Amino acid sequence: MAVSLIIDGQTVRAAPGATVLEAALAGGIYIPHLCHHPDLTPAGACRLCYVTVNGGGPVLACRTPAQEGMVVQTGSPEIDEIRRGLVELLMANHHGNCKGCLKSGRCALQEIIAKLRIDRKKLQQLRPAAEELPRDTSNPFFVLDPNKCVLCGICVRTCEELVGVGALNFAGRGYRSRVGPLGAGPLAQSVCESCGECVERCPVAGLAYVDHRRPREHVQTVCHSCGAGCPVTLGLRDGRVVEAKGELCGRGRFGWRILQAPDRLTVPLIRRNGAPAEASWEEALDLAARELSRYRGGECAVLCSGRLTNEEAYLLQRFAREVLGTNNIDSTLRLTHAVSLETLREATGWGGATGPFEAVEEAACILLVGANVARSHPVLARRIRRAAARGARLVVIDPREDDLGRFAHLWLQPYPGTDPALLMGMAVALVEEQLVDPAILGGLGAFLASLEDFPPGRVSRITGVPEELVTEAAKCYATSRPAVALWGTGLTQHPHGGDGVRALINLALLAGHTGLYPLLEEANAQGVWDLGCTPHHLPGQRPVPDPRAGGKGPESSPKGDGASYPGLTLTEVWDAVLEGRVRALYIIGVDPLGELPEAEKIREALGRVELLVYQHCFMGATGPLAHVVLPAAGWFEKEGTVTRADGRITRVRRVAGPAGGSLPDGDIICGLAARMGGERFVPEPASVLGEIASGVRGYGGLSWEGLEKGAEANVARPPLEARAAPLEYRGPTERPDMQYPLLLTGARNSPYGDVLSQKVEGLRALQPEEYLALHHKDAADFGITDGDRVRVLSRRGELTVRAAVTDVCPPGVVILNYRVFPDSLTGTISRVCAVTLERLA
């Protein structure tokens, strides 16, 4: 219940648990302060917020709870004198060149000096000729300046309490006290994630952006960096984005700079005399439409990224099926989590997460399988850290060292590719420990029989995880309520990735938990999947009927019968091109040659295909091979909606005009459709969303007007009705032998290895060196010491990398910490292969 108190003669209502400072600020009453921030616990470090309560002596407003009937006085001659003395002490060691300061006009210390009417000339007389301390400029986006720091501790508490990383701390004593990264090295080489949260909260210029310009307007939209779909407010000045606000990671905070990349595509190109040449939109669209019209049904294939809006994805699948007459349409989700969504749909009735991301922070136990969330979904990782800090038990299953490992209650390190056996072993433990509701076991005879293939001893031998640890992890997950399970590509990017997902679903069902979260990595991977950009499903995740299996196919397009049966996946398309079955490609938002595995096969396929229409923001490695290049608008240059990885539907708003002559993807698709006889292709997102809402399962009832006004919307999942399914263990397809005795797997070495980050100079600069982590026993066997250059050889290829000797890798396993995983080693999208090592001189 709110409390009422009087502050400076004004009645103020305060929320329960609020401090006097919080009550005053909420009531519009200013009390000088430097160390307070509403997101953080009170510290009382600056001691500027002294007030008197009920006529007593001075107390700190930030540490005094607001109580009913309090009478608070925020200023008096005595208190003002205390504050002036404290400010003078601060300024004695503070470099006061305000005109050249990065935060001039936005500095809390400037405001306090003005409010207290402190004589600046006196401050200049007090200030000694202090030494200029070195500024840390190692981060490309912000500077750490100890000469401007007031030791308020906001940055330290932000990194510890909100981000959970603890990259900053106090060092030294008294006059020599400083704030900096642990170990006193450069900030960019510390554990700092470059998220900018500390900079956002710094009250002075101790931490400040190096090139900040004050925005004149703001637009609320959604981040494009990953499937978490974080809200972001972009600031604009003179029609250009100049800042990003919100709870963001480094990609979200600084990734908007991709809009201003110098190599953006701005005009259409067509191939003339064997080389790309500029053309008008009319010429390029006419040529693309005319050439695409020459191919029938299955002779065409459409490939896209997971960064289209929902409306663009819906239009694209309509174009493929209605105009081109083919179900050969797929997205880059195929390489990461298509197997997750397919398995979830088969098991639960809907291919997608079963709850909101907010539930993760509220869970009592978090089971994390094959995912380095801090690298793939950094803001979600903060939720996990905060949950662990308040007592939630984190169980990590991953052979790789995880950034969340220090928060883990349990860390299980199975051999790469053996996760299905481990998860089924945990299911066995639940049954043996009688932790399964007998009502759940009814009718599961086939499943229970399959568990007999996973006795504890066999599971331990297969996975390398001790039996007692498997049982402890299972009990921890089953007895904690609520509990959630999240998984990444470490579980799915294997030849039998679907088995791992199925085993995890089985485990959740036995434990009575419903929180299942595949960590989709592209911004609208879920929406692109839901709206039909997949060869096996129509919009609403309705299966494409297959006449060859006895079903009735959808009405065939006049262009052929390619839309009458399921199409080819992204990985199957390349073989189909090489075999001459697919002769034309329409590629949107993905640079296959620059981004996808099996680069040599793709290069050969692109060289053989008769027609390549390439639609993208950048030329990339694929563009020069295209017959027609269509420049597309960027994420923040168009309107639409997206579905984040937990099913929340949000608005994407146009913040800046498309670069040069580029156009939104929806406009380009509709332009092609109009030239090829397509009917009812309207590019306006509001109209397309209306069509989606009226006919797509899970998206019914959506309203553009409601979303525009900030209404929340979620995919309408069907009721969760699932049963555990039997599973037969299929081990890794590749195993070590005498010639290749080690098993290699991969780990992303930073959040900035994705394609978008590589287009932003500052994010690219933050990318650390690649290295190979190996156990010290394996290092001794191969005569390798820490820092050596080594050659890694597999049955298919080789690479050279620096070695890092550690004891966190299981013996027999080496972990390649990569920017882009070198598929030359595996030859497939799998991240596991057998290797040997050679030390280089």
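Me: Happy to start exploring this predicted model! Leaving aside neighbours within four places in sequence, which residues is L742 in contact with?
Reply: Good place to begin. Once the neighbours within four places in sequence are set aside, the contacts of L742 are P736, D778, F782, G812, V814, C833, A834, V835 and L837.

Me: Where is L742 placed, and is it buried or exposed?
Reply: L742 belongs to strand β30, which covers residues 742–748. Its relative accessible area is 3%. Buried means under 20%, so L742 counts as buried.

Me: How many Å apart in space are L742 and C833, C-alpha to C-alpha?
Reply: C833 is one of the residues in contact with L742. In sequence the two are 91 residues apart. In space, from C-alpha to C-alpha, the separation of L742 and C833 is 8.4 Å.

Me: Let's turn to helices. At what angle do α8 and α25 pack, and what is that arrangement called?
Reply: Helix α8 spans residues 281–292 and helix α25 spans residues 665–675, with their axes 9 Å apart. The angle between them is about 60°. That makes the arrangement of α8 to α25 oblique.

Me: Which residues make the contact of α8 and α25, and how do they divide into nonpolar, polar and charged?
Reply: From α8 come W281, E282, L285, D286, A288 and A289. From α25 come I668, L672 and R675. The residues of this contact divide into six nonpolar, no polar and three charged.

Me: Which strands stand at the edges of the open sheet with the order β10-β11-β12?
Reply: This sheet has three strands, and their pairing is antiparallel. An edge strand here has a single partner, so one side of it is left without a neighbour in the sheet. The strands in that position are β10 (217–222) and β12 (240–245).

Me: What is the bridge partner of E217 in β11?
Reply: Strand β11 covers residues 231–237, and β10 pairs with it in the antiparallel sense over six bridges. In β11, the bridge partner of E217 is L236.

Me: Where does D238 lie, and is it buried or exposed?
Reply: D238 lies in the loop between β11 and β12. Its phi is positive, about 55°, although D238 is not a glycine. Its relative accessibility is 56%. Exposed means over 50%, so D238 counts as exposed.

Me: What about R47: where is it found, and how does its accessibility count?
Reply: R47 is found in the loop between α1 (20–26) and β3 (50–53). Phi of R47 is near 60°, a positive value in a residue other than glycine. With 37% relative accessibility, R47 counts as partly exposed.

Me: Which residues does a cis peptide bond join, and what is omega there?
Reply: The bond joins R481 and P482. P482 lies in the loop between α18 (467–479) and β20 (483–487). For this cis peptide bond, omega is about -5°.

Me: Why is strand β1 largely enclosed by the rest of the structure?
Reply: Strand β1 holds five residues, 3–7. It is largely enclosed because the number of its residues that are buried is four of the five.

Me: One more about β1: what are the bridge partners of I7 in β2 and in β5?
Reply: β1 runs antiparallel to strand β2 (residues 10–14), with five bridges joining them. With strand β5 (residues 71–73), β1 pairs in the parallel sense over two bridges. The partner of I7 in β2 is Q10, and in β5 the partner of I7 is V72.

Note on methods:
Residues are numbered from 1 along each chain as its sequence is written. This is a predicted model: local features need pLDDT of at least 70, side-chain atom pairs count only at pLDDT 80 or more; totals for chains, interfaces and linings use all residues. Side-chain values use heavy atoms; hydrogens and water are left out. Buried means under 20% relative accessible area, exposed over 50%, partly exposed in between (1.4 Å probe, protein chains only). Contact means heavy atoms within 4.5 Å. Axes are lines fitted to C-alpha atoms, for helices over the stretch in contact, and angles run from 0 to 180 degrees between N-to-C directions. Angles under 35 degrees count as roughly parallel, over 145 as roughly antiparallel, 65 to 115 as roughly perpendicular and the rest as oblique. Ala, Val, Leu, Ile, Met, Phe, Trp, Tyr, Cys and Pro count as nonpolar, Asp, Glu, Lys and Arg as charged, and the others, Gly among them, as polar. Two strands pair if DSSP finds at least two bridges between them.
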